[in-house]
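Please open the model in your viewer and keep the selection panel at hand. The stops below say what to select next and what is to be found there.

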Amino acid sequence: NLSTVSEFVFVGLSDASEIRLLLFVLFLLIYLATMAGNIMLLVAISTDSHLHSPVYFLLGNLSLLDLLCPTIIVPKMLGALLLEHKKISFSGCLFQHFSLIAVVGMEIFLLTVMAYDRCVAVCHPLRYPSIMNSKLCAQLAVGTWATGLLNSLLHTSLVFTISFCGSNKIQQYYCDIPPVLALSCSSTQSRELVILVVAGMLGSSTCMVTVVSYIYILLEILARNSPGIWHKVFSTCGSHLTVVCLFYGTTIGTYVCPSFTYSLHRDRMVSMLYGMLTPLLNPIIYSLRNKEVKSALKRVISQV
C-alpha cells in the first residue's frame with residue numbers, strides 16, 4: 001500500500017446542508033422500506049412450499065443481494081447527514097468499496113442466470129424441472145457469488161494500491177471507483193484501462209447471454225403462434241426484463257465510462273438509483289407481476 005492518506009472525507013452531500021434533515025428522513029424511509037420488502041420476500045420464499053422452485057430460489061438470492069447493497073452505503077450516509085460524521089478510515093473505505101463492487105457484480109451475473117432460467121422455462125417447459133434441478137441451481141448460485149467476489153478483488157486491488165498523497169475528500173457519499181481514482185496523485189490511465197476492459201468484457205458477455213436468451217424466447221413465441229402466448233410469456237418474463245433494464249441502465253452509466261466523462265451530479269443520481277431505488281423496486285416489481293408471490297406475501301403479512 002503506497003498510500004499516505006489514513007482516512008477519507010465524504011463531501012458528496014455537503015452542498016445540501018439546508019435540506020439535510022429532509023434527506024435523512026427520506027433516505028431512512030427508503031432504506032426501511034427496502035429492508036421490509038426484501039425480508040418479507042425472503043421469508044415468503046423460504047416458508048411457502050409453492051415457491052420452492054428454481055425461479056424463486058434465484059429470486060431469493062436477488063433479494064439477499066438487494067438487502068446487502070443499500071446496507072453497505074446507506075447507514076454511513078445517514079450518519080453523515082444526521083451527525084455530520086463524514087470521515088471513513090482507509091480500511092473502512094476499502095471494505096465498503098470491495099463489498100459494493102462484489103454485490104453489484106453478483107447481481108449482474110445472477111440476472112444473467114435468471115435470463116437463462118426464463119429461457120428454459122419458455123422453450124423447454126416439459127424438461128424444465130430436469131434441466132434446472134436443485135444441483136444446477138446451487139452450482140449457478142455459488143458460481144455467481146464466487147465470480148462477483150473475484151471481480152471485486154481485482155477492481156479493489158487496482159484502485160487501492162495507487163498512491164494517495166493529496167486531497168482526501170471524496171466527491172460522493174460512499175467509496176466508489178471514479179471519485180476514489182480522482183484522488184490519486186499518480187497516473188491511473190493504465191488501471192482505468194484494465195477496469196474498463198474487465199468491466200466491458202464481463203458486462204458485454206452477461207448482456208449477450210441475456211439478449212440471446214430473450215431472442216430464443218421470441219423465436220419460440222413466433223414458432224408456436226398460439227392464442228394468448230404473448231400474455232403468458234410476458235407474465236413469465238416481464239418482471240425479470242423490467243429489473244434487467246433498470247439495473248443494467250444504471251450500472252453501465254456509472255462504471256463503463258472513462259474518467260474524463262465523469263460528471264459529479266450525474267454520478268450521484270445514477271448511484272442513488274442502483275444503490276437505493278433498484279433494491280426497493282425489485283420486490284415490488286416481482287410481487288406485482290406474480291400471483292404466487294402476492295399470495296405468499298399476504299400469508300406472511302397475515303401471520304405477522
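**A guided tour of helices, sheet and disulfide**

Begin by selecting helices α3 and α7, which lie roughly parallel to each other, because an angle under 35 degrees counts as such. Bear in mind throughout that this is a predicted model. Helix α3 covers residues 90–123 and helix α7 covers residues 189–224, and their axes, which come within 9 Å, cross at roughly 15 degrees. If you look from one helix to the other, the crossing is left-handed. To see what makes the contact, show the side chains of α3 residues including Ile108, Phe109, Thr112, Ala115 and Tyr116, and then those of α7 residues including Leu202, Thr206, Val209, Thr210 and Ser213. Further along the contact you can add Arg118, Cys119, Val122 and Cys123 from α3, together with Tyr214, Tyr216, Ile217, Glu220 and Arg224 from α7. Colouring the residues of this contact by class gives twelve nonpolar, four polar and three charged.

**Next: α3 with α5**

Keep α3 on display and add helix α5, residues 134–160, whose axis is 7 Å from that of α3, the two helices packing at an angle of about 140 degrees. At this angle α3 and α5 are therefore described as oblique to each other. The crossing in which α3 passes α5 is right-handed. Which classes of residue make up the contact of α3 with α5? It divides into 16 nonpolar and nine polar residues, with no charged ones.

**Then: α5 with α7**

Now hide α3 and bring back α7 beside α5, where the two axes come within 10 Å and cross at roughly 165 degrees. That angle makes α5 roughly antiparallel to α7. Here α5 passes α7 in a left-handed crossing. On the α5 side, select Asn151, Leu154, His155, Ser157, Leu158 and Val159, which meet Arg191, Val194, Ile195, Val198, Ala199 and Leu202 in α7. Grouped by class, the contact of α5 with α7 holds eight nonpolar, three polar and one charged residues. Leu202 may already be familiar, since this residue of α7 is also listed in the contact with α3.

**The sheet**

Turn next to the strands, three of which form an open sheet of mixed pairing in the order β2-β1-β3. Strands β2 (87–89) and β3 (169–170) stand at the edges and have a single partner strand each, so one side of each is left without a neighbour in the sheet. Select strand β1, residues 7–10, together with β3, and you will find the two paired in the parallel sense over two bridges. Along this pairing, Val9 stands opposite Lys169, while the bridge partner of Phe10 is Ile170. With β2, by contrast, β1 pairs in the antiparallel sense over three bridges. To locate this pairing, select Glu7, which stands opposite Ser89 in β2.

**Last stop: the disulfide**

How many disulfides does a search of the whole structure find? The search finds one, and it joins Cys93 to Cys175, with a distance of 2.0 Å from S to S. Show both side chains and follow the link, which has -130 degrees about the S-S bond and is left-handed. Cys93 lies in helix α3, whereas Cys175 lies in the loop between β3 and α6 (177–181), so the pair ties together parts that are 82 residues apart in sequence. With this link selected, you are back at α3, the helix that holds Cys93.

Methods:
Residues numbered from 1 in each chain as written. Predicted model: local features only at pLDDT ≥ 70, side-chain atom pairs only at ≥ 80, totals over all residues. Heavy atoms only, no water. Axes fitted to C-alpha atoms, helices over the stretch in contact; angles between N-to-C directions. Helix = DSSP H or I, 4+ residues; strand = E, 2+ residues; numbered from the N terminus. Parallel < 35°, antiparallel > 145°, perpendicular 65-115°, else oblique. Left-handed = near helix turned anticlockwise from the far one by under 90°. Contact = heavy atoms within 4.5 Å. Nonpolar A, V, L, I, M, F, W, Y, C, P; charged D, E, K, R; others polar. Pairing = 2+ DSSP bridges. Disulfide = S-S within 2.5 Å.
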